[in-house]
Amino acid sequence: MKQKDFEVLLLPGDGIGKEISEQAVKLIDWITKNTRSNFKIIRGSIGGASIDEYGEPITDETIQNAKKVDAVLLGAVGGEKWDRLNFEIRPERGLLKIRKEMDLFANFRPAIVFNSLVNSSTLKPEVIESLDLLILRELTSGIYFGEPRGIEDISNGSKRGFNTLSYTTEEIERIAIVAFETAKKRSGKLCSVDKANVLESTILWRDVIIKTSKKYPEVKLSHMYVDNAAMQLVRNPKQFDVIVTTNMFGDILSDCASMLTGSLGMLPSASLGEMKNNKRLALYEPVHGSAPDIAGKNIANPIAMFLSVGMMMEYSFELPVMNNLIKTTIDNILKKGFRTKDIADESDKILGTQEIGNLLISELERVK
Ligand code: NAD
């Protein structure tokens, strides 16, 4: 007898998004069979798939559904087929729109190194061994959303492209609270990354972070300029535990952190909104894109997607045990030398996307 029913909206998107989503379905079905919770998967369209079907990268109906369900799981969007479309209706606009409409301001991007993969990174094993850091990126404001923006004619055929980097006190305060609360539950160390030496919006960022820190005396706060942070992430990533930063800086730093873990195919993410009426809107997705260069070949790494399902179990469904089980099972598979091509050495057993998905389920069956 099931005690709880949950609905998950699955938006596979484009390219490898579709392939890894099918593996996530296997995992969610397994979780339904082996827990007291029932996870019903509802499917929807986003990105190029939605453009092909409905003429727009996301429909209002999909956004309404996303707000109704208990969590959204997304594959990836984008591809050459839609690259020449007007900017406003390109696949990536669907992603920005759903994040904005759901007000998912807090983006958690953990970078965890599985020790069996220390040799897959381009960095020395001792630099990254046992690394477990979390980048918390502000997701609904900053330069990706600021107005005015555009490209305008100036003179003699010359143009000017411009964007606006802006943050309000309230926008900074709410991400700061999430950052301090998160740091409190981990090692109690928080590093705020900005560019307060040259950008006014991040002078305000630093001021608000410092003001919020007064309520969290148990958290040790430090500040770093983004250029130094990029260098330090590669030089000595283990000096960090939780990093909180703006939308664009977080975007760039988390891709940099992904290479510490061996591949972009290893990085999950969770994007959360504010708690309202006992409900927090949430969207889970791998950090990587639709990888058109490998799409349709059954070689995409589904691990970032599995880890995203794990984060969903912990953050939205209060099943941290399931998140840990998923991570341990992935570690077991990696320890046995099974890999997708992106993280494999010559001595490893290379498997396809579907085969890694099947192996995950049989390993879960074995250890449950
Ligand atoms: P990408 O993340 O799709 O790929 C970058 C490189 O990493 C490629 O070589 C790819 O093969 C590899 N890679 C990515 N994920 C992998 C996986 N799971 N397994 C193995 N290898 C993997 O970034 P890109 O090439 O810059 O962009 C491709 C498309 O994706 C573009 O249309 C872009 O706009 C879009 N994009 C979407 C998202 C998203 O949906 N969240 C994020 C980034 C890019």
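Here a biologist asks about a predicted model and a modeller answers.

Biologist: What are the ground rules for this model?
Modeller: Residues are numbered from 1 along each chain as its sequence is written, and side-chain values use heavy atoms, without hydrogens and water. The model is predicted: local features need pLDDT of at least 70, side-chain atom pairs count only at pLDDT 80 or more, and totals for chains, interfaces and linings use all residues.

Biologist: How many residues surround the ligand?
Modeller: A residue is near if one of its heavy atoms lies within 4 Å of the ligand. Val77, Glu92, Gly289, Ala291 and Asn301 are the closest. The full count is 21.

Biologist: Which residue has a backbone N or O atom 2.9 Å from a nitrogen atom of the ligand?
Modeller: A polar contact is a pair of N or O atoms within 3.5 Å. The side chain of histidine 288 has an N or O atom 3.3 Å from a ligand nitrogen. The 2.9 Å backbone contact belongs to asparagine 301.

Biologist: How much of the ligand does the protein bury?
Modeller: Accessible areas come from the Shrake-Rupley method with a 1.4 Å probe. Alone, the ligand exposes 810 Å². The protein buries 68% of that.

Biologist: Where does asparagine 298 lie?
Modeller: Most residues other than glycine have a negative phi. Asparagine 298 has a positive phi of about 60°. Its place is the loop between β12 (279-286) and α10 (303-315).

Biologist: Which residue does a cis peptide bond join to glutamate 147?
Modeller: Most peptide bonds are trans. Here omega is about 0°. The partner is proline 148.

Terms used
A polar contact is a pair of N or O atoms within 3.5 Å; within protein, one must be able to donate a hydrogen and the other to accept it, and residues adjacent in sequence count only if both atoms are side-chain atoms. Helices (H or I, at least four residues) and strands (E, at least two) are DSSP runs, numbered from the N terminus.
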